[in-house]
Amino acid sequence: MTGRDVFEYALLRVVPRVERGECFNAGVVVYCRARSFVAARTDLDEARLAVLDPRADVAGVRAALRAVEGVCRGGDHAGQAAHDDAGRRFRWLVAPRSTVVQPGPVHTGLTADPEAEVERLLDLLVR
């Protein structure tokens, strides 16, 4: 297990009608403390969104997903979290909330390459 570090991740779920509880995965957020790494990748399936709610605000959902990616990038993209470290940004993003884009439970694993892990999880759990 040489060169592998613990990482945490959470799926980003789209819940178009919170009262119905129906959802689908639209992204993943990965955090690796040992490498001060946090990143999110998203892939919105607009057809699936339309099935769950034909009147859904697609532009609003896309904006919310882009905002998560921006918080992960930090700096000017992160808004109020601009000066927070990677761990604080991750914890803020995975805090439960009752909105159309919601984080799922946090899971853990081991990785030698957190950036590659983001893409692997997106392919495995979202696409």
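**Briefing: a four-strand sheet and the helices packed on it**

Strands β1 and β2 run antiparallel and are joined by 7 bridges. This pairing belongs to a predicted model, in which an open sheet of 4 strands follows the order β3-β2-β1-β4 with antiparallel pairing. The points below take up the sheet, then helix α2 and its contact with α3, and finally two individual residues.

**The sheet**

- β3 and β4 are the edge strands of the sheet, each of them pairing on one side only, and neighbouring strands are turned by 20° against each other on average when direction is ignored.
- Within the pairing of β1 with β2, Glu8 has Tyr31 of β2 as its bridge partner, while Tyr31 also stands opposite Val38 in β3.
- β2 and β3 pair in the antiparallel sense over 6 bridges, and these two strands form a hairpin with 4 residues between them, where Ser36 in the turn has a positive phi of about 50°.
- As general background for reading these strands, side chains in a regular strand alternate between the two faces of the sheet.

**Helices against the sheet**

- Helix α2 packs on the sheet and touches β1, β2, β3 and β4, with its direction making about 160° with that of β3.
- Helix α3 lies across β1, β2, β3 and β4 as well, and runs at about 155° to β2.

**Helix α2**

- The helix has 16 residues and reaches 23 Å from its first C-alpha to its last, which is close to the 22 Å expected at 1.5 Å a residue.
- Buried residues in α2 are Val61, Leu65, Val68, Glu69, Gly70, Val71 and Cys72, and what covers the buried residues of this helix includes the strands β1, β2, β3 (37–42) and β4 (101–111) together with the helices α1 (46–52) and α3.
- Gly74 follows α2 and has a positive phi, near 75°.

**The contact of α2 with α3**

- Two packed helices are described by the angle between their axes and the distance between the axes.
- For α2 (residues 58–73) and α3 (residues 86–94), the packing angle is about 160° and the axes are 9 Å apart; because angles over 145 degrees count as roughly antiparallel, α2 and α3 are therefore roughly antiparallel to each other.
- On the α2 side the contact is made by Val68, Val71 and Cys72, and on the α3 side by Arg89, Trp92 and Leu93, a set that divides into 5 nonpolar residues, no polar residues and 1 charged residue.
- Val68, Val71 and Cys72 are also among the buried residues of α2.

**Two individual residues**

- Val15 has its place in the loop between β1 (5–14) and β2 (24–32), and Val15 is buried because its relative accessible area of 6% falls under the 20% cut-off.
- Leaving aside residues up to four places away in sequence, Val15 touches Gly21, Glu22 and Cys23, as well as Thr99, Val100 and Gln102.
- Val15 and Ser98 are 83 residues apart in sequence, with 9.0 Å between them in space, C-alpha to C-alpha.
- Ala116 is found in helix α4 (residues 114–125), and its relative accessibility of 38% means that Ala116 counts as partly exposed, since that class lies between the limits of 20% and 50%.
- Ala116 and Arg48 are 68 residues apart along the chain, and their C-alpha atoms are separated by 26 Å.

Definitions and conventions:
Residues numbered from 1 in each chain as written. Predicted model: local features only at pLDDT ≥ 70, side-chain atom pairs only at ≥ 80, totals over all residues. Heavy atoms only, no water. Axes fitted to C-alpha atoms, helices over the stretch in contact; angles between N-to-C directions. Parallel < 35°, antiparallel > 145°, perpendicular 65-115°, else oblique. Contact = heavy atoms within 4.5 Å. Nonpolar A, V, L, I, M, F, W, Y, C, P; charged D, E, K, R; others polar. Buried < 20%, exposed > 50% of the residue type's maximum accessible area, 1.4 Å probe, protein only. Expected span 1.5 Å × (residues − 1). Pairing = 2+ DSSP bridges.
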